[in-house]
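Hi,

Here is the structure I promised to pass on. Have a look at it first, and then read my notes below.

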Amino acid sequence: MANNSAASSSSLKRKATTPARDIGIYSVQCDKCHKWREIDTQEDYEAIRSRILEVKFECNKKEGMSCAVPGSLEYDSSNIWAVDTAGLPTTPSGFKRILIHRIDYSKIDAYYETPTGEKCRTLKEVEAYLSAHPEYSYALIEEFSFKVPKMMKDTIHVKTPEPTKESV
Ligand SMILES: [Zn+2]
C-alpha cells in the first residue's frame, strides 16, 4: 500500500481461513519502514488508532519490536483486509465494539455491545441506552462511532462454487 493516507495507516484484517465473520488480526503500518505489525488486542489497537494522527505508529512502539525485524504480514490476498479510519475514539470501558463482515464481503457492519449485554446498532440506540443507564454516564456519545472499515476489494478472492451435476 504505497502512498498511505492517514486514514489507511491503521488497518485491520481477518484471516481468510477464519470461519467467524469478525476481525481476526489487528495490524498497524509502521510510519518509518512501512511494515505491518500485528497488534495483540482490540483495546491496544483502538488506543493506537485513536491517536495515530498525532502520534505516528512505529515498530518500536510495540514491545520487543523494531524496524529491523522482518515483517510477518503482507498486504496481499492471503488475507482479506479492511482499512480503518484513523482517529476513531477508543471504546468506553465496559462496552465492546463489534465488527462483522457480510458473507459476500460487500461491507462491514458495526455495533456496540453494552455492559449489560444489549446491542446498539445506531447512535440513537446508544443515546437511548445511556440515558436509560445513568450508571454508565462516564461513556460519552462522542466515544461511539459507527464508521466502519472499508473492505479492500483487491484482497478478496471468493471462490465461485463448482456447478453441481444437477445444474449442468
Ligand atoms: Zn518500522
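**What I found**

Cys120 is buried, with a relative accessible area of 5%. Keep in mind that this is a predicted model. If you go looking for disulfides, there are zero in the structure.

Four other cysteines have a job at the metal: the zinc ion is coordinated by the SG atoms of Cys30, Cys33, Cys59 and Cys67, at 2.2 to 2.3 Å. The angles among these four donor atoms run from 104 to 116 degrees, and the site is tetrahedral. Along the chain, the donors are spaced as C-x2-C-x25-C-x7-C. Cys30 sits in the loop between strand E2 (25–29) and strand E3 (36–39), while Cys59 sits in the loop between helix H1 (42–51) and strand E4 (79–83), so this pair ties together parts that are 29 residues apart in sequence.

Are those two cysteines buried or exposed? Cys30 is buried, with a relative accessible area of 1%, and Cys59 is buried too, at 0%.

Further along, have a look at Ile98, which is part of strand E5 (residues 96–101). Ile98 is buried because its relative accessible area is 13%, and the cut-off for buried is under 20%. Which residues does Ile98 touch, leaving aside those up to four places away in sequence? They are Asp109, Ala110, Tyr111 and Glu113. As for Arg121, it is 23 residues from Ile98 in sequence, and their C-alpha atoms are 10.0 Å apart in space.

Cheers

How values were computed. Residues are numbered from 1 along each chain as its sequence is written. This is a predicted model: local features need pLDDT of at least 70, side-chain atom pairs count only at pLDDT 80 or more; totals for chains, interfaces and linings use all residues. Side-chain values use heavy atoms; hydrogens and water are left out. Donors are N, O and S atoms within 2.8 Å of the metal (3.2 Å for Na, K and Ca); water is not among the atoms, so sites may look incomplete. Four donors count as tetrahedral if all angles lie between 85 and 135 degrees; four count as square planar and six as octahedral if opposite donors are over 155 degrees apart and all others between 65 and 115; anything else is irregular. Helices (H or I, at least four residues) and strands (E, at least two) are DSSP runs, numbered from the N terminus. Buried means under 20% relative accessible area, exposed over 50%, partly exposed in between (1.4 Å probe, protein chains only). A disulfide is a pair of cysteine sulfur atoms within 2.5 Å. Contact means heavy atoms within 4.5 Å.
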